[in-house]
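Let's take a walk through this structure, one piece at a time. Have a look at the sequence and the model first, then read on.

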Amino acid sequence: MTAESVSQTAGLKLALPRHVAVIMDGNGRWARNRGMPRTMGHKQGLESAKSVVKKASDMGIGFITLYTFSTENWKRTEEEVGFLMRLVKTHLRAEMNFYIENGIRVRFTGDIAGLPEDVAAEITDVCEKTAGYTGTSVVLAVNYGGRDEIIRAVKKMSAEDIKNLTEDKFQSFCDIPDLPPVDLLIRTGGDRRISNFLLWQSAYAELYFSPELWPDWTGEHFEKAVADFAGRERRFGGL
């Protein structure tokens with residue numbers, strides 16, 4: 001599937017992005033607006049993630065990367081960080097049937113060495129169990145930062161690698177060497193920044209900012225974002 005591939009959805013013929021990245025922002029504000037603890041926003045955000053992943057799978061999107069936990073999120077309270085780590089762990093295990101039924105391959109980007117051992121083991125296990133699936137690849141960005149990935153990539157290089165460095169060579173040292181460039185980067189929650197997310201991969205990404213908070217997002221919101229992408233002309237610096 002390429003960015004020029006087409007799909008019939010909602011009566012429209014859409015040019016599909018091959019790789020969609022999502023900054024799932026607004027969980028805390030969604031909960032606060034309802035007088036709930038922030039943790040409830042994160043739980044509802046999981047339902048939105050599942051809805052969006054299902055829509056991406058149904059549409060034939062090749063890759064969708066979800067900004068699940070950033071390197072900066074460690075600054076949050078110990079209680080919230082602990083809750084998020086447990087949520088990642090339990091969600092992965094609970095959704096195995098969903099991955100199987102939809103042929104979804106789960107992949108990981110981020111510094112796995114910096115995660116709690118039980119969370120890292122759960123991520124590794126689900127990635128191994130779904131490695132043979134050929135449907136949509138869902139990339140979980142956990143303990144992830146774009147700058148951090150670039151630094152970790154450079155640290156893998158030898159002096160000879162650096163001397164003969166090209167863009168393709170650099171890509172081979174990234175967390176997922178075969179991850180294609182981001183075509184469409186979505187951010188929910190109203191803010192208009194990319195927050196250190198997939199900096200290398202998003203060099204020519206189309207940006208889509210939504211005012212809706214992430215827990216209010218559904219597959220229909222995702223479909224609307226893809227339709228917006230389909231109406232844009234991408235020139236990559238050319239005429």
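## A word on handedness

A helix crossing is called right-handed if the near helix is turned clockwise from the far one by less than a right angle, and left-handed if the turn is anticlockwise. Keep that in mind for the helix pairs further down. One more thing before we start: what you're looking at is a predicted model.

## The sheet

Let's begin with the strands. Six of them make up an open sheet, and if you go across it you meet β5, β6, β4, β3, β7 and β8 in that order, with parallel pairing. At the edges sit β5 (105-109) and β8 (206-209), each of which has a pairing partner on one side only. On average, neighbouring strands here are turned by 20 degrees against each other, if you ignore direction.

Now zoom in on one pair. Strand β3 covers residues 19-23 and runs parallel to β7, residues 184-187, with four bridges joining the two. To find your place there, look for A21, which stands opposite L185 in β7. There's also a helix packed on the sheet: α5 (residues 117-129) touches β5 and β6 (137-144), and its direction makes about 140 degrees with that of β5.

## Helix α2 meets α3

Next up is helix α2 (residues 38-59), whose axis comes within 10 Å of that of helix α3 (residues 78-94), the two crossing at roughly 25 degrees. That angle makes α2 roughly parallel to α3, because angles under 35 degrees count as such. The crossing of α2 and α3 is right-handed.

Which residues of α2 and α3 make the contact? On the α2 side they are R38, T39, H42, K43 and L46, and α3 brings E80, F83, L84, L87 and H91. Sorted by character, this α2–α3 contact has four nonpolar, three polar and three charged residues.

## Helix α2 meets α9

Helix α2 also packs against helix α9 (residues 219-230), this time at an angle of about 50 degrees and with the axes 8 Å apart. The pair α2 and α9 is therefore oblique. Is the crossing of α2 and α9 left-handed or right-handed? Going by the definition at the top, it is right-handed.

Here α2 uses S51, V52, K55, A56 and M59, which meet G219, E220, F222, E223 and V226 of α9. The residues in the contact of α2 with α9 split into five nonpolar, two polar and three charged.

Definitions and conventions. Residues numbered from 1 in each chain as written. Predicted model: local features only at pLDDT ≥ 70, side-chain atom pairs only at ≥ 80, totals over all residues. Heavy atoms only, no water. Pairing = 2+ DSSP bridges. Axes fitted to C-alpha atoms, helices over the stretch in contact; angles between N-to-C directions. Contact = heavy atoms within 4.5 Å. Parallel < 35°, antiparallel > 145°, perpendicular 65-115°, else oblique. Nonpolar A, V, L, I, M, F, W, Y, C, P; charged D, E, K, R; others polar.
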